[in-house]
Amino acid sequence: MKKYGIFYASSTGRTAEAARAIAKALGVAEADLHNVASTGPAALGDYEVAILGSPTYAAGDMQAYMSDFIDGAQALDLQGHKLAFFGTGDDTMARTFCSAVGDMARAMSHTGAVQIGEFDARGYVFDDSAAEIAPGVYAGLLLDYVNHPEMSEARIKAWTEKIATE
């Protein structure tokens, strides 16, 4: 079983960019970076730690390919595996900022996998996010390449260091 696999959906390229940056920070090979538009959910079982990423669109929805991927993945038994989540969004969408992160985490909570990679989103200004699991604590890494691209590299570095120890 390989250590890390990254599974992402991207429409504008920002989430793909984040996935590549996370892969680089963790030393993940290109072969272990998966666009879910062309990858089946069963591939999650090949990895000790599967990292899932999606942008948030419209009224807080995850990207359509990720939604389909998650629908299939919910039936998997991932006991003995770990899951981490990341997402891209725009904090001016103040009521749904990176909500896909929380939606993915909730949907995958019944797979038996341990969820890791909680994140502190200080520095972004928004009203609400379905990714919030406790006051100021989020189910994964939240990134805003639209309004705060200068923060992304440091956030990815800190988050991947945290995941490596979990």
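**Lysine 162 and glutamate 166**

I looked up lysine 162 in this predicted model and found it partly exposed, with a relative accessible area of 32%. I then followed its side chain to glutamate 166, with which lysine 162 forms a salt bridge at 2.8 Å from N to O. For glutamate 166 I noted a relative accessibility of 32%, so I entered this residue as partly exposed.

**Salt bridges in the whole structure**

How many salt bridges does a search of the whole structure find? I recorded six of them, and I kept in mind that side chains of opposite charge can pair when their charged atoms come close.

**Arginine 122 and aspartate 120**

I next took up the salt bridge in which the side chains of arginine 122 and aspartate 120 meet, and wrote down 2.3 Å for the distance from N to O. Is arginine 122 buried or exposed? I entered arginine 122 as exposed, because its relative accessibility is 65% and the cut-off for that class is over 50%. Aspartate 120, at 29% relative accessibility, went into my notes as partly exposed.

**Lysine 2 and aspartate 32**

I then turned to lysine 2, which forms a salt bridge with aspartate 32, and noted that the closest N and O atoms are 3.1 Å apart. This pair links distant parts of the chain, since lysine 2 belongs to strand S1 (residues 2-8) while aspartate 32 sits in the loop between H1 and strand S2 (33-35), 30 residues apart. On accessibility, I found lysine 2 partly exposed with a relative accessible area of 44%, whereas aspartate 32 has 9% relative accessibility and therefore counts as buried, the limit being under 20%.

**Helices H1 and H4**

My last entry concerns helix H1 (residues 14-26) and helix H4 (residues 149-165), whose axes come within 9 Å and cross at roughly 50°. I classed H1 and H4 as oblique to each other, because an angle under 35 degrees would have counted as roughly parallel and one of 65 to 115 as roughly perpendicular. I also noted that the crossing of H1 and H4 is right-handed.

Which residues make the contact? On the H1 side I listed Ala18, Ala21, Ile22, Ala25 and Leu26, and on the H4 side Ile156, Trp159 and Thr160. Sorting the residues of the contact of H1 with H4 by character, I recorded seven as nonpolar, one as polar and none as charged.

Key
Residues numbered from 1 in each chain as written. Predicted model: local features only at pLDDT ≥ 70, side-chain atom pairs only at ≥ 80, totals over all residues. Heavy atoms only, no water. Axes fitted to C-alpha atoms, helices over the stretch in contact; angles between N-to-C directions. Helix = DSSP H or I, 4+ residues; strand = E, 2+ residues; numbered from the N terminus. Parallel < 35°, antiparallel > 145°, perpendicular 65-115°, else oblique. Left-handed = near helix turned anticlockwise from the far one by under 90°. Contact = heavy atoms within 4.5 Å. Nonpolar A, V, L, I, M, F, W, Y, C, P; charged D, E, K, R; others polar. Salt bridge = Lys/Arg side-chain N within 4 Å of Asp/Glu carboxyl O. Buried < 20%, exposed > 50% of the residue type's maximum accessible area, 1.4 Å probe, protein only.
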